[in-house]
Amino acid sequence: MGRKILFVTTDQQRYDTLGCNGGNIARTPVVDALAASGVRYERAVPQSVVCMPSRSTMLTGQYPTTHGVWMNGVPLPVDAPSVAALLYRAGYRTALVGKPHFEPFLDPFGKFTENVLAVQGRETAENQPWFDGSTGPHRGFEHLEFSTHGGAGNLHYARWLSENHPEAIGMFYQVLDATLEVNAAGGGENGAPQVHVNEMPKEWYHTDWVAERTISWLDSLQADDDWFCWMSFPDPHHPWDPPKDEVGRINWRDVDLPAGYPTTSAERERILDAKPRHWRKWYDGELVSNYEAPKHWVPATLTPDQLREVTALNAVECELIDEALGRVMAAIAARGWGDDVDVIFTTDHGELGGDFGLMFKGPYHVDGLMRLPLIWRPAPSAGLDPAVVSRPVGLVDLAPTFCTIAGLAPADWMQGKPLPVHDADADARGIDKALTEWDSELFGVAVYLRTITRDGWVCTAYKPGFVHDGTEGELYNLANDPLQQVNLWEDPAYSSTRSDLVADLWDSQPEPHSPRMPLIAPV
Amino acid sequence: MATLRREIRIHAPASEVWKVVGRPEILHLWFPGLTNCTVDGNVRIIFLGSGMPMPEEIITNDSLQRRFQYRITVPIFKFHLATVDVIDLFDDTCLVVYSTEADPGVMALVIGGATTGALEELRKQFESGVGPALDAVGINSNINSSVAAGGTV
């Protein structure tokens with residue numbers, strides 16, 4: 001019997017929403033306890049700041065350039081490499097419960113396997129093609145139960161809600177508006193976009209559903225099974241519509257404005273004007289470069305009270321996740337597995353959360369989106385000491401880490417390295433940088449960014465696009481400027497630093513997927 | 001309003017490819033994600049893999065220009081126009097261009113994004129010489145196999 005793996009992901013969660021990372025709004029004692037007895041990463045970086053590319057990186061252990069999911073709406077091929085498949089072949093029982101998002105959700109043609117499986121109520125699809133020419137269950141998962149951010153649609157959670165609590169389907173915020181754009185409609189007490197009062201009791205909410213379905217699957221296993229369970233919470237991604245009875249946990253009026261929110265419009269505009277042009281253009285509502293933020297919402301209209309309310313609701317959702325994880329951990333302990341389970345907790349990307357006066361996400365490679373919560377609580381039986389790792393690591397490192405936990409050699413197609421267990425381990429293995437990329441092409445608007453995080457710097461180079469000529473960039477000193485408000489890209493005093501980082505950035509680019517896969521859906 | 005264009009070069013004569021593209025009632029035989037379609041006059045109803053029927057109005061079916069155009073007429077579209085052009089490249093190959101214009105713009109991608117797969121399927125059938133769309137229009141698979149191998153028709 002080997003070590004079991006509980007892989008917990010959330011969606012669009014900021015680093016500073018956890019108590020162990022210095023957060024003081026949401027109470028997250030379960031994750032905090034995991035961090036205290038495990039390894040807490042202070043600079044975990046996604047390889048993409050949107051869902052589909054980032055989640056595909058977690059599964060494949062490859063950069064978006066290589067696995068080919070270069071933006072939301074490009075599906076990960078069914079036969080793409082999968083760490084779950086490796087684990088399944090090694091004898092692990094495998095499941096994914098919650099939000100997958102390797103394939104688009106908007107699927108009127110019913111083309112994508114994960115949507116079809118949900119519609120058909122099937123646990124998985126057998127005999128699917130795998131990356132190595134063999135076949136097996138879909139992406140290596142023998143059990144799949146899906147949910148996303150609401151009650152509409154045909155995923156397993158929506159079908160469960162429809163069958164058991166049909167009156168609740170309309171209680172969620174409508175994520176997309178009547179034209180299928182991300183909804184800009186405001187709600188709550190301050191009219192903030194994607195905020196809504198959800199009358200649903202907590203027990204019907206997707207966070208609890210994900211935890212309960214996870215526990216149910218774990219209960220179906222034999223005591224001596226080894227297992228890999230990806231428990232994927234859809235929150236705290238917008239909409240911010242936690243169950244109404246839970247909202248009172250945090251009074252938005254008591255919430256301080258985030259440190260990254262400049263309180264005057266003049267200050268916000270001054271900071272944004274020092275960044276490449278698309279920053280300010282989005283703030284002013286002149287350019288929407290991507291689908292992931294409401295097209296009809298103008299960030300400059302965000303008020304301090306709207307931001308307080310969003311921050312409070314986001315924190316409520318984080319607390320609900322923490323409590324749900326606590327129930328799963330209790331179920332694991334009750335099965336007698338407590339000493340043999342590795343828990344890895346992270347998210348796919350962050351949330352701007354008011355930084356610079358912005359919310360949601362897009363082609364903005366700063367800490368709000370790029371500094372992620374990442375906790376690895378190794379199985380106590382492994383005997384590893386608690387640690388804090390400050391060196392940059394990436395989500396691309398997760399798949400090889402899962403292999404190592406399972407006693408497998410990381411596959412040669414994996415591009416990351418097993419996560420270091422302390423800084424000296426990182427230094428000994430040359431783990432010193434993380435790469436992030438953004439490509440988007442939406443109705444004539446193209447944006448391309450490449451970023452390196454190394455030696456306390458974040459450096460982003462731009463390729464030519466709709467509003468960029470390829471000379472733009474961003475350079476931030478993370479120690480002196482933790483909020484990334486001073487762009488040093490054009491500062492002559494840092495030209496050698498910039499040159500060194502840019503050279504390393506381009507030298508380190510991964511092998512591209514060929515042929516380039518087409519964009520076939522918005523998200 | 002948004003516009004989307006997908007194109008593919010097919011190693012088969014434009015006249016042969018048009019025999020398929022110009023037959024609106026067999027779209028489901030080369031457009032993945034469609035389960036069936038019916039044509040009554042200038043009204044076509046396509047049935048999506050999700051089970052949704054979608055009515056369309058056929059605007060143009062011009063065998064001289066080898067251009068086929070249709071509009072989706074469900075209310076979520078304020079406007080929709082799809083155009084399929086089969087362009088002769090005069091070397092026994094052709095370029096098939098599938099354009100989608102739609103308002104709301106995002107619908108261009110929701111619907112038009114699937115045209116990539118349709119074009120790939122069309123090429124696959126012609127260049128392999130085998131496929132239900134070819135069978136439906138009576139194209140001889142042996143002839144098309146010779147096209148795939150570099151021969152001429």
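In this predicted model, B:Val17 keeps plenty of company: leaving aside neighbours within four places in sequence, B:Val17 is in contact with B:Ile10, B:Ala12, B:Val86, B:Cys94, B:Val96, B:Leu122 and B:Phe126. B:Val17 also belongs to the largest nonpolar core, a set of 106 residues. Along with A:Phe228, B:Val20 and B:Val96, B:Val17 touches the most other members of that core. As for helices, H2 of chain B, which covers residues 105-112, gives the most to this core, with six residues. Another core lies apart from this one and holds 48 residues, including A:Ala26, A:Leu218, A:Met231 and A:Ile375.

Now for chain A as a whole. Chain A is built with 15 helices and 18 strands. Its radius of gyration is 21 Å, close to the 24 Å that the globule rule gives for 523 residues, so chain A is as compact as a globular protein of that length. Laid out along its principal axes, the C-alpha trace of chain A spans about 60 × 55 × 45 Å. Of the 523 residues in chain A, 63% are buried. Sequence distance comes into the picture too: take the contacts in chain A between residues at least 6 apart in sequence, and 72% of them join residues at least 24 apart.

What about the outside? Chain A exposes about 17400 Å², and carbon and sulfur atoms supply 50% of that area. On the charge side, chain A carries 41 positive and 72 negative side chains. The centres of these two sets lie 1 Å apart.

Methods
Residues are numbered from 1 along each chain as its sequence is written. Chains are lettered from A and ligands numbered from 1 in the order in which they are written. This is a predicted model: local features need pLDDT of at least 70, side-chain atom pairs count only at pLDDT 80 or more; totals for chains, interfaces and linings use all residues. Side-chain values use heavy atoms; hydrogens and water are left out. Helices (H or I, at least four residues) and strands (E, at least two) are DSSP runs, numbered from the N terminus. The radius of gyration is taken over C-alpha atoms; the globule rule is 2.2 Å times the number of residues to the power 0.38. Buried means under 20% relative accessible area, exposed over 50%, partly exposed in between (1.4 Å probe, protein chains only). Contact means heavy atoms within 4.5 Å. Accessible areas come from the Shrake-Rupley method with a 1.4 Å probe; for residues, only the protein chains shown count as cover. Lys and Arg count as positive and Asp and Glu as negative; His and the chain ends are not counted. The place of a charge is taken as NZ of Lys, CZ of Arg, CG of Asp or CD of Glu. A nonpolar core is a set of buried Ala, Val, Leu, Ile, Met, Phe, Trp, Tyr and Cys residues joined through side-chain atoms within 4.5 Å.
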